[in-house]
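Welcome, and please open your viewer. We will take this tour one selection at a time, so keep the selection tool at hand.

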Amino acid sequence: MPRRFIRGRKPLATATKKRRSTGREKNISPALQASVLGLLAKQNAALNETEIARALGLSRHELVQLCAVLGRLLEQGAVGKKGRRFALAAGQERLRGTLDLTAKGFGYAIPEGEQAKGGKDVYIAAHNLNGASQGDTILVAITGSGRSHREGRVIQILHRAVTQICGIFTASGAGGYVTPDDDRFPATLLIRRNDTLAAGDGMAVVAEIVDYGSERQGPSGRIVELLGDGRTASVQIRMAVLQGGLRERFPAEADTEAAELLPVTACAEGRQDLRHLPHVTIDGETARDFDDAICVERSGDQFVLYVSIADVSHYVRTGSAIDREAYLRGTSVYLPDRVLPMLPERLSNDLCSLVPDQDRPAFTAILRFDATGRRIGERYTKSLIKSRQRFTYTTVNQLLYLNEPQAQAAHRELVPMLEQASALTELLKKRRLARGSLEFNIPEPEVTLAGETVAAISLAERNRAHMLIEDCMLAANEAVAETLAKARHPVLYRIHEYPDPAKLEAFTDAAKALGFRLPQSEVNPAWFAQAIEQARNSPAEYIVNNLLLRTMQQARYSPENSGHFGLAAPYYLHFTSPIRRYPDLVAHRVLANLLAGHASDHARPVPAKTADLAEAGIHLSQCERKAIDVERNAHARCSCLLLMDRIGEVFAAIISGVTAFGLYVTLDDSYISGMVPLTSMADDYYLHDSRRYRLIGEASNRMYQLGDRVLVRLEQVDFSSKRLVFSLAPR
């Protein structure tokens, strides 16, 4: 910057005093403040005002603003001053992280690498975001510490996560604007006339952000894709995918690799031929990727369980294009009208899938159990199998538990093996429950589409066949985890830690409000199991199970084995679904190294050169949570589509939550959730009893409590927030 722009300026202290006296702080630019902090964060030495202005390329009229910003940062303690030079405040901790915004405007910085060390997120108030948006990689200065979180300020945006948004286009004379579909991005995006792509008014679109704007001017962009009618199922589900930032297409390099892969047609050296065993797969009706098959043999009073899993590691080599993409995805995502697979379909639905009557490479856990279901031996081998039958849960339920003659006649040869599997899994379940393993009963909503409309949302059927296959998979996962732990081979465990004490206290209060008497004993898995058993088949069963689930910590992946609280298992990992979960592929690679006699670092289990297993665990846990969020988002959108033409209808519901601002309700049958705002309850002034989870009318003493049955009238379907608003209806 030319020196003449600085010469003759008043000292900073004088300028600061003038700024205070004239109220100029109202015009302080958050963008300039962030730029100054970002610049100073990268310096090893302090800078004077001239050097800061030159580095930022400021014009003459911006110099007064620079003085004001520096004065404000001095007052806040964000920077220090020695002589005429400025630097970040001494001792101020800085960290790099990812921003997670809330719909209320504030956010949390998720520190890179700190989660592996037990670090907590950093709270960032709205006025300290400095222009950062959802998912951005940011540099944060720690400014203080609250009761449960550190507090910070964004000092630099290192990388913009969101370069495109989806939303609804509104036409205007000058072009129009896009209202973002995600309420964490509250600003509308200005679209100029030549950048509309001829979008129609009210059309769902994808827009690229060209300018992120400033405090004086909002963001602007251009439309790059027309999605279509926002009131159709396919468009709404696609918007959920885009909002979640999921990867929709495979790179060309990965597709090319997949196309060149050849099927395994012979039992090569090191692979045991198990094609003589009557393996079967058991999955849902709509499943297309079959990654696990079972077979059970009985010898006297002992059982041998074969759990054969698709040998994905045979095809997907560490560091290949397919592997790198699978690691980035972390998991397959299942939505009402589509699947976003972790692996290309050439693998997930063909080469790796254990389809019937085809030779397929597998990784088999051979587990021996005594007459009580106690595991007394285990062995693992690469194998070649041939599935005899692709069963569905419905068919197996008919064969084993409903004893339907027609189904039994059609599968006469396989019934004895399935009966042995049923006998074994009954023993496994009994032992598991005896040690305190939890059996949550939370119905899963299932969306039925009819073309572009949502025809119904109902509860997915869950029968004893589901439990049979689950107990086989749990047995294999526990056995592999224990084997690798005792061999001291690093792997990603599936850990589930002790519940948060504060949430546990809240659950205890809620359970008492519902009339349950909780065990007076140490809080352990058995304690939770007793609470679940008390609620079984009661009207409040769904509420209790949901509250218990919220009390639990989120299960996650970690190389440090701390056990699985919910399963009451000292050793647990994921081994049985490598087609759709990357941590399972990690377990396969590590187990293969062990069988081959290699050192634990012989072959890297994850592709990134710099990623260790701790970082991989964090990344893959985040991928899982992102997938769950998108699946819930898609369900919420489908709920809105189902009910958008039913305003004014009355539904039976249960009160599933009580807050100071209203009631949460869950509709019977569909288990769709919505809210009754307190502002709609105009018949009385209601007081919130937080300890007993209820609202009490001050004049009428009328009470609405957690678990109460109510009738509700649908008042509003809000597509922008994906929320349903109800009012209480008279009985």
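Begin by selecting Asp357, which is exposed, with a relative accessible area of 52%. In this predicted model, Asp357 sits in the loop between helix H9 (345–351) and strand E20 (359–369). What is the sign of phi at Asp357? Asp357 has a positive phi of about 65°, although it is not a glycine.

Now jump to Tyr693, another residue other than glycine with a positive phi, here near 50°. Is Tyr693 buried or exposed? With a relative accessibility of 18%, Tyr693 counts as buried. Its place is the loop between E30 and E31, and that loop leads us to a sheet.

**The sheet around Tyr693**

Select strands E30, E31 and E32 together. They form an open sheet of three strands in the order E30-E31-E32, with antiparallel pairing. Strand E30 (686–689) and strand E32 (703–705) are the edges: each has a single partner strand, so one side of each has no neighbour in the sheet. On average, neighbouring strands of this sheet are turned by 20° against each other, direction ignored.

Look closer at E30 and strand E31 (residues 694–697), where four bridges make an antiparallel pair. To see one of them, pick Tyr686, whose bridge partner in E31 is Gly697. Strands of a sheet pair through backbone hydrogen bonds, so the backbone is the part to display.

**A closed barrel**

Next, select E4, E5, E6, E7 and E8. What do these five strands form? They make a closed barrel that runs E4-E5-E6-E8-E7, and the pairing is mixed. Here the neighbouring strands are turned by 50° against each other on average, again ignoring direction.

Within the barrel, highlight strand E5 (residues 107–111) and strand E6 (residues 122–124), an antiparallel pair with three bridges. Gly107 is a good residue to click, as its bridge partner in E6 is Ile124.

**Ile165 and its surroundings**

Move on to Ile165, which lies in strand E9 (residues 164–172). Ile165 counts as buried, at 10% relative accessibility. Which residues does Ile165 touch, leaving aside its neighbours within four places in sequence? Its contacts are Val178, Pro180, Leu189, Val205, Val206, Ala207 and Ile209. Add Asp181 to the selection as well: Ile165 and Asp181 are 16 residues apart in sequence, and their C-alpha atoms are 7.7 Å apart in space.

Keep Val205 selected, since it takes us to another strand pairing. Its bridge partner in E13 is Leu226. Strand E12 (residues 203–211) and E13 run antiparallel and are joined by eight bridges. Strand E13 (residues 220–229) is also joined to strand E11 (residues 189–192), this time by two bridges and in parallel. For an example of the parallel pairing, click Leu190, whose bridge partner in E13 is Ser220.

**Helix H5**

Now select helix H5 (residues 233–244). Its twelve residues reach 17 Å from the first C-alpha to the last, close to the 16 Å expected at 1.5 Å a residue. How many of the residues of H5 are buried? Nine of the twelve are, and the helix is mostly covered. Among the buried residues are Ala233, Gln236, Arg238, Met239 and Gly244. Step just past the end of H5 to find Gly245, which takes a positive phi of about 70°.

**Zooming out**

Finally, show the whole protein chain, which holds 18 helices and 34 strands. Its C-alpha trace spans about 100 × 70 × 60 Å along the principal axes. For 731 residues, a compact globule would have a radius of gyration near 27 Å; the protein chain has 30 Å, which agrees. Of these 731 residues, 50% count as buried. Among contacts between residues at least 6 apart in sequence, 66% join residues at least 24 apart.

Before you close the viewer, colour the chain by pLDDT. The average is 88, and 93% of the residues score at least 70. Where does the pLDDT fall below 50? Select residues 1–26 to see that stretch, which has 34 contacts in the model beyond near neighbours in sequence. Where pLDDT is low, the predicted coordinates should not be read in detail.

Methods
Residues numbered from 1 in each chain as written. Predicted model: local features only at pLDDT ≥ 70, side-chain atom pairs only at ≥ 80, totals over all residues. Heavy atoms only, no water. Pairing = 2+ DSSP bridges. Axes fitted to C-alpha atoms, helices over the stretch in contact; angles between N-to-C directions. pLDDT = per-residue confidence, 0-100. Contact = heavy atoms within 4.5 Å. Expected span 1.5 Å × (residues − 1). Buried < 20%, exposed > 50% of the residue type's maximum accessible area, 1.4 Å probe, protein only. Rg over C-alpha atoms; globule rule 2.2 N^0.38 Å.
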